[in-house]
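Student: I am new to this structure and would like to reason through some of its side chains with you. Could we look at it together, one question at a time?

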Amino acid sequence: TGNRDGLQCLSCGETYATSENLRRHVAYCRIIEKADNIPKAQGVTRHLDIDMEAIGGKRTRGHSSDLGTSLSDRAKHEEFAKHFMDNGIEVLV
């Protein structure tokens, strides 16, 4: 597919091709950070600080079709854009 990752983790910068893969990454890292008692720090976005609803919702128990995908792609884009603007993040393409 020629490296078409377009969704970047707001905490660590890893990129993913789908919001589902990004959501899984953040969910996993949240477990690790919680277990390791990673504290909040000024100017640092932990995976624990990322709004799961903005990247496809929390997964319910069961199949992948049970994902909470209530936000449209437009709403997701607006949520990410707001986060970037609020935190002074520039996206270079």
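Student: Does E20 count as buried or exposed?

Tutor: Keep in mind that this is a predicted model. A residue counts as buried when its relative accessible area is under 20%. Since E20 has a relative accessibility of 17%, it falls on that side of the cut-off, and E20 therefore counts as buried.

Student: With which residue does E20 form a salt bridge, the closest N and O atoms being 2.7 Å apart?

Tutor: The partner lies in helix 1, 4 residues from E20, so that about one helical turn separates the two. With 41% relative accessibility, this partner counts as partly exposed, whereas E20 is buried. The residue that forms this salt bridge with E20 is R24.

Student: How far apart are the closest N and O atoms in the salt bridge of D49 with R46?

Tutor: The two residues fall into separate accessibility classes, for D49 is partly exposed at 33%, while R46 counts as buried at 11%. Their side chains form a salt bridge in which the closest N and O atoms are separated by 2.9 Å.

Student: Which elements give two or more residues to the largest nonpolar core?

Tutor: That core has 9 residues, among them L22, V26, F80 and F84. The elements that give two or more residues to this core are helix 1 (19-35) and helix 2 (73-86).

Technical notes. Residues are numbered from 1 along each chain as its sequence is written. This is a predicted model: local features need pLDDT of at least 70, side-chain atom pairs count only at pLDDT 80 or more; totals for chains, interfaces and linings use all residues. Side-chain values use heavy atoms; hydrogens and water are left out. A nonpolar core is a set of buried Ala, Val, Leu, Ile, Met, Phe, Trp, Tyr and Cys residues joined through side-chain atoms within 4.5 Å. Buried means under 20% relative accessible area, exposed over 50%, partly exposed in between (1.4 Å probe, protein chains only). A salt bridge is a side-chain nitrogen of Lys or Arg within 4 Å of a carboxyl oxygen of Asp or Glu.
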